[in-house]
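Take a walk through this structure, one element at a time. Keep the sequence at hand as you go.

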Amino acid sequence: FKDVLFRPKRSSLSSRSQVSVERTFEFRNSKQKWSGVPIIAANMDTIGSFEVAEVLARRKCITAVHKHYSIEEWKAWASGAGQEALPYVAVST
């Protein structure tokens with residue numbers, strides 16, 4: 001993108017491994033808080049699968065899960081392997 005410019009700044013960090021991109025958001029109307037990395041994997045071309053959601057949830061990133069899963073598949077995943085990933089899942093219709 002030609003309209004995006006990143007300007008490097010001086011930093012007190014000695015390594016890139018010390019950088020944290022995790023943020024905490026408080027939602028205005030519900031007053032709920034969410035902590036994670038504000039990056040969302042889009043659901044284009046069914047990229048947002050349960051498997052992708054599990055992997056990205058380990059890094060606290062959000063996955064927009066595609067709409068082609070049945071209710072039974074959602075129930076099975078959410079009560080099993082996907083239980084820990086649910087706070088990092090968005091659903092599209």
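The tour below follows the strands and helices and how they meet.

Bear in mind that this is a predicted model.

Start with the hairpin. Strand β1 covers residues 23–26, and strand β2 covers residues 33–36. The two run antiparallel, joined by four bridges. Within this pairing, Glu-26 stands opposite Lys-33 of β2. Six residues lie between the strands of the hairpin. One of the residues in the turn, Lys-31, has a positive phi of about 65°.

Now look at the two sides of β2. In a regular strand, side chains alternate between the two faces of the sheet. In β2, Trp-34 and Gly-36 make up the covered face. Lys-33 and Ser-35 make up the uncovered one.

Next comes a second set of strands. Here three strands form an open sheet, in the order β3-β4-β5, and the pairing is parallel. The edge strands are β3 and β5, each of which pairs on one side only.

Take the β3 side of this sheet. Strand β3 spans residues 40–41, and two bridges join it to β4. Ile-40 stands opposite Ile-62 of β4. Then turn to the β5 side. Strand β5 spans residues 89–91. Three bridges link β4 and β5, again in the parallel sense. Here Thr-63 has Val-89 of β5 as its bridge partner.

What of the side chains of β4 itself, buried or exposed? Strand β4 runs over residues 62–65, and all of its residues are buried. Ile-62 and Ala-64 point one way, while Thr-63 and Val-65 point the other way.

Now add a helix to this sheet. Helix α1 lies across β3, β4 and β5. The helix runs at about 170° to β4.

Helix α1 also packs against another helix. Two packed helices are described by the angle between their axes and the distance between the axes. Helix α1 takes up residues 50–58, and helix α2 takes up residues 71–79. Their angle is about 25°, and their axes are 12 Å apart. Angles under 35 degrees count as roughly parallel, so α1 and α2 are roughly parallel to each other. The crossing of α1 past α2 is right-handed.

Which residues make the contact? From α1 come Phe-50, Ala-53 and Glu-54. From α2 come Glu-73, Trp-74 and Trp-77. By class, this contact of α1 with α2 holds four nonpolar and two charged residues, and no polar ones.

Note on methods. Residues are numbered from 1 along each chain as its sequence is written. This is a predicted model: local features need pLDDT of at least 70, side-chain atom pairs count only at pLDDT 80 or more; totals for chains, interfaces and linings use all residues. Side-chain values use heavy atoms; hydrogens and water are left out. Buried means under 20% relative accessible area, exposed over 50%, partly exposed in between (1.4 Å probe, protein chains only). Two strands pair if DSSP finds at least two bridges between them. Axes are lines fitted to C-alpha atoms, for helices over the stretch in contact, and angles run from 0 to 180 degrees between N-to-C directions. Angles under 35 degrees count as roughly parallel, over 145 as roughly antiparallel, 65 to 115 as roughly perpendicular and the rest as oblique. A crossing is left-handed if the near helix is turned anticlockwise from the far one by less than a right angle, and right-handed if clockwise. Contact means heavy atoms within 4.5 Å. Ala, Val, Leu, Ile, Met, Phe, Trp, Tyr, Cys and Pro count as nonpolar, Asp, Glu, Lys and Arg as charged, and the others, Gly among them, as polar.
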